[in-house]
Every structure is written in structure tokens, then in C-alpha cells.
Amino acid sequence: MAKNQVDYFSTNKQGIIFASVANVKSSPATQAKTAFVLHEGTKVNLKETSGGYTRIILANGTEGWLKSNDIKEI
């Protein structure tokens, strides 16, 4: 059971947005188009990191790339 818990938490990371307004991009690049905007306190699932951006997925399945500095892992 403990192994299952370790596996779950190593693959299902979550974070909270700490920036007052966070622009979620369509790709991990500064010049990428803003797909949508999130606000401080929003809980997200963290998937991968690339070039200072983290790929996030919301509870409704919407996903995008957010500056890694805007979120803190919980």
C-alpha cells in the first residue's frame, strides 16, 4: 500500500498559483499565444517542465503552459 501511495504522489503533482494573474500559454515560450488566464489560489495538476515553463492541467481537462515562477508545488 505504501508503494502505491509513493507511486501516486510521484506521478500526480499538484500546485497552487501564487501570481495574482497568470497568463497560460499554448506552448512553453514567451512569444506563444496566451490560451487563457488564471488567478491566484487556483489549484492545478503539474505535468512537466521545459524552459522555465510548467505544463499544467486543470480539473476540467484544460491544459497549457505557465511560468514556473507563478506556481508552487504542494
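Q: What makes the set of 12 residues with Ile 17 and Phe 36 a nonpolar core?
A: In this predicted model, the set holds Ile 17, Ala 19, Ala 22, Val 24, Phe 36, Leu 38, Val 44, Leu 46, Ile 56, Leu 58, Leu 66 and Ile 71. A core needs buried residues of nonpolar kinds joined through side-chain atoms within 4.5 Å, so these 12 count as one. It's the largest nonpolar core here.

Q: Which elements give two or more residues to this core?
A: Those are strand E2 (21–25), strand E3 (34–39) and strand E4 (43–50).

Q: How do you know what Leu 66 is in contact with beyond its neighbours within four places in sequence?
A: The test is heavy atoms within 4.5 Å. Leu 66 passes it with Ile 17, Ala 22, Asn 23, Val 24, Gly 52, Tyr 53, Thr 54, Ile 56 and Ile 71.

Q: Why is strand E5 called largely enclosed by the rest of the structure?
A: Buried means under 20% relative accessible area, and five of the five residues of E5 (residues 53–57) are buried, so the label fits. Tyr 53, Arg 55 and Ile 57 point one way, Thr 54 and Ile 56 the other, and all of them are buried.

Q: How do you know that E4 and E5 pair?
A: Pairing takes at least two bridges. E4 and E5 have five, and they run antiparallel. Across that pairing, Leu 46 stands opposite Ile 56. The two strands form a hairpin with two residues between them, and Gly 51 in the turn has a positive phi of about 55 degrees.

Q: What makes E5 and E6 a pair too?
A: With at least two bridges as the bar, E5 and strand E6 (residues 63–67) clear it with five, in the antiparallel sense. Arg 55 has Trp 65 as its bridge partner, while Ile 57 has Glu 63. This hairpin has five residues between the strands, and Gly 61 takes a positive phi near 95 degrees.

Q: Why is the charged end of Lys 72 said to sit over the ring of Phe 18?
A: The charged end is 5.8 Å from the ring centre. The distance cut-off is within 6 Å, with an angle limit of within 35 degrees of the ring normal as well, so Lys 72 qualifies.

Q: How many aromatic pairs does a search of the whole structure find?
A: Zero.

How values were computed
Residues are numbered from 1 along each chain as its sequence is written. This is a predicted model: local features need pLDDT of at least 70, side-chain atom pairs count only at pLDDT 80 or more; totals for chains, interfaces and linings use all residues. Side-chain values use heavy atoms; hydrogens and water are left out. Buried means under 20% relative accessible area, exposed over 50%, partly exposed in between (1.4 Å probe, protein chains only). Helices (H or I, at least four residues) and strands (E, at least two) are DSSP runs, numbered from the N terminus. Rings of Phe, Tyr and Trp (its six-membered ring) pair if their centres lie within 6.5 Å; planes under 30 degrees apart count as stacked, over 60 as edge-to-face and the rest as tilted.
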